[in-house]
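Here are a few exercises to work through with the viewer open. Try each task yourself before reading the solution.

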Amino acid sequence: MEGEITQSLGASVLFTVDIQPACLGLYCGKTLLFKNGSTEIYGECGVCPRGQRTNAQKYCQPCTESPELYDWLYLGFMAMLPLVLHWFFIEWYSGKKSSSALFQHITALFECSMAAIITLLVSDPVGVLYIRSCRVLMLSDWYTMLYNPSPDYVTTVHCTHEAVYPLYTIVFIYYAFCLVLMMLLRPLLVKKIACGLGKSDRFKSIYAALYFFPILTVLQAVGGGLLYYAFPYIILVLSLVTLAVYMSASEIENCYDLLVRKKRLIVLFSHWLLHAYGIISISRVDKLEQDLPLLALVPTPALFYLFTAKFTEPSRILSEGANGH
């Protein structure tokens, strides 16, 4: 009888020791305070330090994984946005006869490339072209500020941290370096080579960048998680639309019209690269032997346009639009 009582008391003591205060909130965790061999002491439930996120047991764990291919493709998409906008506004404001456009295009490519390299070098681990990251598990990982718990419906436990480290903040760092390099390099270049443009037109592409960089920053801050899941489809849709608009505006109705100018071929191949980028992003190349044949679809939109242009006659539509009919 005494043995049974002792066992029941021991069991109750053990049960009491195992119970710990629950860590509320989807992204609240306990930070490691001390570790000595197999002994680990964790602090109270709260926000995880930068570079860490909670695991299933509500402990803050360092981000030590390598980014997946899809993560790199997302970062590449966010890196391409300012470059494409630079090229668009340079072409828009340089004029058809300006010889400075090519040098500005090359300078914009150099600025964005250097900004990407510097961003990787200053990211953790510092000094190497490599980053460590936390795995993206769901959309809410991008918006941890929306999941701060309120245990008593009065006091809020703030557990906001970068659960997708560093995919969220590294884009802001990249945009900052892009802006700094542009302000250091582009004005000097434009002042020297853009002699064919008026004084008011020389710097319009730079002024445009001062507008679209804040817009891109807000877009990343508010819609970063949505862009992470939607960017492959955005690339495909926009590349298809812009290719169709360009070919119709250039009155390209057959292969000869396409081959008569090198610039048209450059635009076509650029869109093909975007098509391929979008297809790879959607398929994620999980099964290489099944996904690679999808790249054969890259020329399909351009071929479809050329085969059907004689039925729509884009040149007639453009002329009627210009005459106001």
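**Exercise 1.** Leaving aside neighbours within four places in sequence, find which residues Tyr74 is in contact with in this predicted model.

*Solution.* Step one: select heavy atoms within 4.5 Å of Tyr74. Step two: drop the sequence neighbours, and what remains is Trp142, Leu167, Gln220, Gly224, Leu227, Tyr228 and Phe231. Step three: place Tyr74 in its wider setting. The largest nonpolar core has 40 residues, and Tyr74, Trp142 and Phe231 are those with the most contacts inside it. Helices H2 (69-94), H3 (100-122), H4 (169-193) and H6 each give two or more residues to this core, with H6 providing the largest share, ten residues. Another core lies apart from it; this one has nine residues, including Leu243, Leu268, Tyr305 and Leu306.

**Exercise 2.** Work out which ring cluster Tyr74 belongs to, and which residue lies over the face of Tyr70.

*Solution.* Start with the ring pairs: they link Tyr74 with Tyr70, Phe77, Trp142, Tyr168, Phe172, Tyr228, Tyr229 and Phe231 into a cluster. Now turn to Tyr70, where Arg284 lies over the ring face, at 3.8 Å from the ring centre.

**Exercise 3.** Classify two aromatic pairs, Phe212 with Phe213 and Phe269 with Trp272, and say how accessible each residue is.

*Solution.* A search of the whole structure gives 20 aromatic pairs. Take Phe212 and Phe213 to begin: their centres are 5.1 Å apart with 35° between the planes, a tilted pair. Next, check accessibility against the cut-off for buried, under 20%. Phe212 has a relative accessible area of 7%, so Phe212 is buried; Phe213, at 3%, is buried too.

Then move to Phe269 and Trp272. Their planes stand at 65° and their ring centres are 5.5 Å apart, so this pair is edge-to-face. Both residues lie in helix H8 (residues 262-283), three residues apart, or about one turn of the helix. As for accessibility, Phe269 is partly exposed at 45%, and Trp272 also counts as partly exposed, at 23%.

**Exercise 4.** Find which helix has the lowest mean pLDDT among the elements of the protein chain, and which the highest.

*Solution.* Begin with the overall picture: the protein chain averages a pLDDT of 84, and 85% of the residues score at least 70. Going element by element, helix H1 (residues 2-18) has the lowest mean, 42, while helix H6 (residues 204-249) has the highest, 93. Finally, look at residues 1-19: pLDDT stays under 50 there, and the model has zero contacts for them beyond four places in sequence.

How values were computed: Residues numbered from 1 in each chain as written. Predicted model: local features only at pLDDT ≥ 70, side-chain atom pairs only at ≥ 80, totals over all residues. Heavy atoms only, no water. Phe/Tyr/Trp six-rings, centres within 6.5 Å; stacked < 30°, edge-to-face > 60°. Buried < 20%, exposed > 50% of the residue type's maximum accessible area, 1.4 Å probe, protein only. Helix = DSSP H or I, 4+ residues; strand = E, 2+ residues; numbered from the N terminus. Lys NZ or Arg CZ within 6 Å of the ring centre and 35° of its normal. pLDDT = per-residue confidence, 0-100. Core = buried A, V, L, I, M, F, W, Y, C linked by side-chain atoms within 4.5 Å.
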